[in-house]
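Hi there,

Here is the structure I promised to pass on. Have a look at it first, and my notes follow below.

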Amino acid sequence: MRTIGVAIAIPEPWASQLQDYRTSLGDATATMIPTHITLVPPTEIHEDLLPDVESHLESAASRVAPFGVHLRGTGTFRPVSPVVFVAVVQGISGCEQLANTVRQGPLDQKLTFPYHPHVTIAHDLPEASLDKAFGELADFECEWSVEEFYLYVHDDTDGWRPTREFALRAALTG
């Protein structure tokens, strides 16, 4: 069995800034989790299904056009879940379309919570640390064009690592 995930990588310099911030809060796992917007949460698959998953993701990438994302400010899932995040304020529908497209076929699954694109900056930390993250990154902002997404594989030693990039290839319309 392998544990995989599918996500949009946050580009530099923001990826390192947010990952370093997460580390500074005392999140011991931060260096093992690249900064991202989740499309498919951690999912266990049989090793022999990996080629089928990659083929499916290649097909999904051909059906979605590049789109802009604008991150600004913070949000939280508390009290339901101890998470503070940087909010997606533009590109939500693009993230939703891409997530819905990749969560079909071999990656079809029922989600624990409704899909809500975001960038986690604090998770399972003391309330004071969650409050600190919520306040200190309230002015965070960045924008870029999402032109690809990645298949990540989890390794107990190295954490989450991208193993393959999938370029969005659908033509822009309208």
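A salt bridge here is a side-chain nitrogen of Lys or Arg within 4 Å of a carboxyl oxygen of Asp or Glu. Please keep in mind that this is a predicted model. By that criterion, arginine 22 and aspartate 27 form a salt bridge, with 2.8 Å between their closest N and O atoms. Both of these residues are buried.

In the whole structure, the search turned up seven salt bridges. Another one joins arginine 164 to glutamate 58, again with closest N and O atoms 2.8 Å apart. It links distant parts of the chain, since arginine 164 sits in strand β8 and glutamate 58 in helix α2, 106 residues apart. Arginine 164 is partly exposed at 29% relative accessibility, and glutamate 58 is partly exposed at 27%.

Arginine 78 pairs with aspartate 131, the closest N and O atoms being 2.9 Å apart. Arginine 78 is in the loop between β3 and β4 and aspartate 131 is in helix α4, so this salt bridge ties together parts 53 residues apart in sequence. There is also a network: Glu54, Glu58, Arg164 and Arg169 are joined by salt bridges that share partners.

Now for the sheet. Its four strands run in the order β2-β1-β7-β8, with antiparallel pairing, and the sheet is open. At the edges are β2 (36-45) and β8 (159-167), each pairing on one side only. From one strand to the next, the twist averages 25°. Helix α2 (residues 50-62) lies across β1, β2, β7 and β8, at about 50° to β8. Helix α3 (residues 92-102) also packs on the sheet, where it touches β1, β2 and β7.

Best wishes

Note on methods: Residues are numbered from 1 along each chain as its sequence is written. This is a predicted model: local features need pLDDT of at least 70, side-chain atom pairs count only at pLDDT 80 or more; totals for chains, interfaces and linings use all residues. Side-chain values use heavy atoms; hydrogens and water are left out. Two strands pair if DSSP finds at least two bridges between them. Helices (H or I, at least four residues) and strands (E, at least two) are DSSP runs, numbered from the N terminus. Axes are lines fitted to C-alpha atoms, for helices over the stretch in contact, and angles run from 0 to 180 degrees between N-to-C directions. Contact means heavy atoms within 4.5 Å. Buried means under 20% relative accessible area, exposed over 50%, partly exposed in between (1.4 Å probe, protein chains only).
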